[in-house]
Amino acid sequence: MTATVVHKNPICSFNANWIAPVVNQYLQFQPWDFEKTYDPGTLFYLNLSDFCTEQDHVFCAELVDRGFRVIIDNLWECDPGPVPNTHRIVSDRWFWYNESLWYQYLGYDQYQPQRDFRYRALMPMNRRRTHRDDWISRVDCTGLLWSYVEAGRQLPDDGDMSDWNTQRLMNPAWYNQSYANIVVESLVRPGSRYTPCFITEKTMKPLAFQQPFVVYGNRNVLATLRSWGFETWSNLWDESYDQIVDHQQRRDAVIDIVNALTPQAHSTETLQKLQHNRNHFFDTDLVRRGFVKDVLEPILEYAQQ
């Protein structure tokens, strides 16, 4: 079955060229006609940018009170959702699904490493965040190829960072010349044992582009990746940091690994893991099935209630 979805904001996770062909088999989006009277039960789409003011929250609540169904796109942020009695669109694998299809659309799945290690690791960072300021003040950046764009440092031959698409620019030289990848995730919460894991495109890139990696993020990033079928790097360094609850102790354990990184020829085991991660990441049938099951089917079920 398919469902018609009315959207107020033209910015939508589902209308990008790489993902729309899948979405359009299940959802038909149409722009909101403010002159039209919609029947109760009409399915409306909002994203988190539609909740910038208190009035936005009131507007959404009024839609629900009038009998409309509202789906809220919460795929890009770790957020509990703003309005009750709506369907919050979430998937912890969203960045895998989206990045896999996006990178294939851009041709990045054709990348074949030509390794010539000149740097200990690649460490790209964009937005200023408190935990990144703290991180960069502590880690030894000697021999790293790194950026911190909002702090004034870009990678060589990087694009125009005022263009949102530049976030997905892939320069093969960055990956060919770097032994490993240091991922400093978007969220690092003090939290507890139950703090949710939030994995973004930052962790997807070394999976796609065949690099061993360490992750400074929330607890259980590596365990989650393994549960999705990816390989991690216990053959290269101690990955017990992934289970450390205290975020500062976890940070220090990751820094110890980073500071000890030394480029070396990849073993047969490492090469096999790299190829496995690349193939698993770009498994189009698997990605599309997962996207339909985790994201689209729950929307259809909500529409039928």
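Trainee: How many bridges join strand β1 to β2, and how do the two run?
Mentor: Strand β1 (residues 3-7) and β2 run parallel, joined by 5 bridges. One of the pairs is Ala3 with Leu27 of β2. Strands here are DSSP E runs of at least two residues, helices are H or I runs of at least four, and both are numbered from the N terminus. Two strands pair if DSSP finds at least two bridges between them.

Trainee: Anything I should know about the model?
Mentor: This is a predicted model, in which local features need pLDDT of at least 70 and side-chain atom pairs count only at pLDDT 80 or more, while totals for chains, interfaces and linings use all residues. Residues are numbered from 1 along each chain as its sequence is written, and side-chain values use heavy atoms, with hydrogens and water left out.

Trainee: Back to the strands. What is the order of the open sheet?
Mentor: The order is β2-β1-β3-β4-β5, an open sheet of 5 strands with parallel pairing.

Trainee: Why is one side of β2 and of β5 left without a neighbour in the sheet?
Mentor: β2 (27-31) and β5 (87-89) stand at the edges and each has a single partner strand, so one side of each has no neighbour in the sheet. On average, neighbouring strands are turned by 30 degrees against each other, direction ignored.

Trainee: Which helix packs on the sheet, and what does it touch?
Mentor: Helix α2 (residues 54-65) does, touching β3 and β4 (69-73), and its direction makes about 145 degrees with that of β4. Contact means heavy atoms within 4.5 Å. Axes are lines fitted to C-alpha atoms, for helices over the stretch in contact, with angles from 0 to 180 degrees between N-to-C directions.

Trainee: Now β6. Which strands do bridges join to it?
Mentor: β6 is joined to β8 by 3 bridges and to β7 (residues 144-148) by 5, and it runs parallel to β8 and to β7. Leu122 has Asn181 of β8 as its bridge partner, and Met125 has Tyr148 of β7. Of the 7 residues in β6, 5 are buried. Buried means under 20% relative accessible area, exposed over 50%, and partly exposed in between (1.4 Å probe, protein chains only).

Trainee: Pockets next. What volume does the largest pocket have?
Mentor: The volume of the largest pocket is about 1,100 Å³. Among its 47 lining residues, Trp76, Arg127, Trp164, Gln167 and Arg168 are the closest to its centre. A pocket is an open set of points on a 1 Å grid over the protein atoms alone, where a 1.4 Å probe fits, with protein on both sides within 12 Å along at least five of seven lines; lining residues have an atom within 4 Å of a point. Elements that each supply at least two lining residues include α3 (94-106), β6 (119-125) and β8 (178-184).

Trainee: And which residues lie nearest the centre of the second largest pocket?
Mentor: Those are Glu77, Cys78, Ser91, Asp92 and Phe198, out of 15 lining residues. The second largest pocket holds about 220 Å³.

Trainee: Where is Thr200 found?
Mentor: Thr200 is in the loop between β8 and α6, and it is buried at 1% relative accessibility. Leaving out residues up to four places away in sequence, Thr200 touches Phe95, Glu185 and Ser186.

Trainee: Last one: what phi does Gln210 have?
Mentor: About 60 degrees, a positive value, although Gln210 is not a glycine. Most residues other than glycine have a negative phi. Gln210 lies in the loop between α6 and β9 (213-216).

Technical notes
Grid points are joined across faces, edges and corners, and a volume is the space filled by probe spheres set on the points.
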